[in-house]
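Here are my notes on the structure, written as numbered points. Please read them with the sequence and the 3D view open side by side.

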Amino acid sequence: MTGTSFELRGATVDWTARGGGRALDGIDLSIGAGERVAVVGPSGSGKTTLLRLLGAARVPTSGEVSIDGEHTTDASAKSLRRLRSTLGFVHQDHCLVASLRVSQNVIAGKLGQRGGFSAFRSMVLPARADLERAHEILETLGIGDKLFQRVDRLSGGEAQRVAIARALFQEPRALLADEPVASVDPARSRDLVARLVETAAERGTSLVVSLHDVELARGLFPRIVGLRGGRLQFDGSPDELRGDVLDGLYRLEDATRD
Amino acid sequence: MTRGRAPSPVGRRGIVVLGIAAIGAWAWARLGLDLDGLVPTEGGARIARRFFGAALSPAFDYEADVVGAAPPYLATIAEALGRTAIYAAAALALAFVPGVVLGVLASASFWGGDPATVDRRGLGRVVPRAVRATTRVLIALSRSIHELLWAVVLLAAMGASSATGVLALALPLVGTLAKVFSELLDEAKDAGERGVRGTGVSPFGAFLWGRIPVALPDMAAYTFYRFECAFRSSAVLGFFGFPTIGYFLRASFEENHYREVWACLYGLLFVVVVLERWGAGLRRRFVT
């Protein structure tokens, strides 16, 4: 299995027509199959929007995003869904289904790959193999004992790891994670991101992770992309992101655009 | 964005509250209500004293001699209460599935579609709007006629069979369940649905696995509350000749057997309190 490749050309997401702002402004970026990239930048710089474009959750209002050579803007709703089923997405706010169990939330990762009846079965009467796989993934994330808990009774850090487990259960060709350690304590977050990087490397999965912790990004990723005010301001190796370059990225005044 | 004029201290909310109070005062004046009407006449006061006096000594047996081998009085009451509950349960069973279907069709979230492609659909925008509007009209029709009015109408048309009573209870229940279900579905947090959609499922799948489970505990709790309401309505159906507790209540009342009336009322109260406690327990378990 090879990782997914992404190609953005002038990708823009502009909500001004609907009373919003311009979230992304002419992004040119290519990410090769199996590449591991961290996205950094101040809040409001467009990290989440960028990840949503890569995950085919949104299409750009202008410019192009292609995922494995397929332009999302022209793609049918069905092809977008097929793309999404190959992309594991870890949402910043976890996006778990409250009132369902951890096991159901993790197994839901494959809903997009399963048709009607087998999807229904996997949610209501999950196969032993599914449960074992879900448990195995949760174990590696340190919450194997929570398998049958309701997710609305979990702590923020636990919920975040369930969200990661769901994306891993999906066995995606690319893993896209939006601030996957925002609710995890600092001691744990390095471990968790390192595990994502390791898993991606083992399987040849492409990995794009947005992080607010620049040190974490520099320590674990060979390539870092910096966003500021919806524009691509930095794209290079961790060594290049230092001194003035780093200060420029996080400079306080004018950090976000309207 | 609002700019310019500073908000006035009275504001729109104050005007609305004053308006509501004014309407209430007008209605009161229009009906010529005064509290003198509540003071009973000499004879009325005697009846009232006898009626409320009987509250302390509800009947445990028939107040008058009964002809033939009638079952013990308390058994009759218990059976009538049981039958009242059975009418309510049958009505709820009949109304639940149509209530869910109409509730889903009437909710905006069911027709939301995929946010990535929602701008593209042309005709796909018209059909959902038409179905949703039709459903909402059906729901309003079902709700606009009270179950007791349905009972009167259906009695005239079909006679006093059990089916008539159950149908009378079920018809408005469909609309009530559907209306509240659609609101609960729309108010459910959409995070789960977004998460499930990210795995590549269809909008229907995302609704089914990402939204319905989130609304389900509240839907279950509301359904149970509606059972309680159906039980009370079912009791009143007895006044129209259905063999629920209301039938015995009315018969005792007409014969001035006030102690029997109180036995029926205490029985009703007991069941409602039990249902209420039970429902509260379920809510605690379902809704965290």
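The points below take the sheets of chain A, then one helix, then chain B and its contact with chain A.

1. The model is predicted. Please keep this in mind throughout, since every value in this note is computed from such a model.

2. Begin with the smaller set of strands to be discussed, an open sheet in chain A. Its 4 strands come in the order S2-S1-S4-S5, and the pairing is antiparallel. S2 (22–31) and S5 of chain A are the edge strands; each has a single partner strand, so one side of each has no neighbour in the sheet.

3. The pairings in this sheet can be followed one by one. S1(A) and S2(A) are antiparallel and share 6 bridges, and A:Val13 has A:Leu24 in S2(A) as its bridge partner. On to the next pair: strand S1 (residues 6–14) of chain A is joined by 5 bridges to strand S4 (residues 62–67) of chain A, again antiparallel. Here A:Leu8 stands opposite A:Val65 in S4(A).

4. The last pair is a hairpin. S4(A) and strand S5 (residues 70–71) of chain A run antiparallel and are joined by 2 bridges; in S5(A), A:Glu70 is the bridge partner of A:Ile67. There are 2 residues between the strands of this hairpin, and A:Asp68 takes a positive phi near 50°.

5. A helix is packed on this sheet. Helix H1 (residues 47–54) of chain A lies across S1, S2 and S4 of chain A, and runs at about 55° to S2(A).

6. Chain A also has an open sheet of 6 strands, in the order S6-S7-S8-S3-S9-S10, with mixed pairing. The edges are S6 and strand S10 (231–236) of chain A; each has a single partner strand, so one side of each is left without a neighbour in the sheet. From one strand to the next, the twist averages 15°. One parallel pair is strand S3 (residues 36–40) of chain A with strand S8 (residues 206–210) of chain A, joined by 4 bridges. In that pair, A:Arg36 has A:Leu207 in S8(A) as its bridge partner.

7. How far apart are the end C-alpha atoms of helix H6 (residues 156–169) of chain A? They are 20 Å apart, which agrees with the span of 20 Å expected for 14 residues at 1.5 Å a residue. H6(A) lies across S6 and S7 of chain A and runs at about 180° to S6(A). Just after H6(A), A:Glu171 takes a positive phi of about 50°.

8. H6(A) is largely enclosed by the rest of the structure, because 12 of its 14 residues are buried. The buried residues include A:Glu158, A:Arg161 and A:Arg166, as well as A:Val162, A:Ile164, A:Leu168 and A:Phe169. The buried residues of H6(A) pack against strand S6 (87–90), helix H3 (102–107), helix H5 (128–140), strand S7 (174–178) and helix H7 (186–203) of chain A.

9. Chain B has 10 helices and 0 strands. Its radius of gyration is 25 Å, well over the 19 Å that the globule rule gives for 288 residues, so chain B is more spread out than a compact globule. Taken along the principal axes, its C-alpha atoms fill a box of roughly 80 × 55 × 40 Å. Buried residues make up 33% of the 288 residues in chain B. Of the contacts in chain B with a separation of 6 or more, 72% are between residues 24 or more positions apart.

10. The contact between the chains takes 31 residues from chain A and 23 residues from chain B. On the side of chain B that touches chain A, helix H7 (191–197) and helix H8 (203–237) of chain B each supply at least two residues. H8(B) gives the most to that side, with 7 residues. By class, the side of chain B that touches chain A has 10 nonpolar, 10 polar and 3 charged residues.

11. Is A:Leu111 buried or exposed? A residue counts as buried with 20 or more other C-beta atoms within 10 Å; A:Leu111 has 28, so A:Leu111 is buried. A:Leu111 lies in the loop between H3 and helix H4 (116–124) of chain A. A:Leu111 touches A:Ala119 and, in chain B, residues including B:Val196, B:Val201 and B:Trp209. A:Met123 is 12 residues from A:Leu111 in sequence, and their C-alpha atoms are 8.6 Å apart in space.

How values were computed: Residues numbered from 1 in each chain as written. Chains lettered and ligands numbered in written order. Predicted model: local features only at pLDDT ≥ 70, side-chain atom pairs only at ≥ 80, totals over all residues. Pairing = 2+ DSSP bridges. Expected span 1.5 Å × (residues − 1). Contact = placed C-beta atoms within 7 Å. Nonpolar A, V, L, I, M, F, W, Y, C, P; charged D, E, K, R; others polar. Axes fitted to C-alpha atoms, helices over the stretch in contact; angles between N-to-C directions. Rg over C-alpha atoms; globule rule 2.2 N^0.38 Å. Lists of a residue's contacts leave out its neighbours within four places in sequence.
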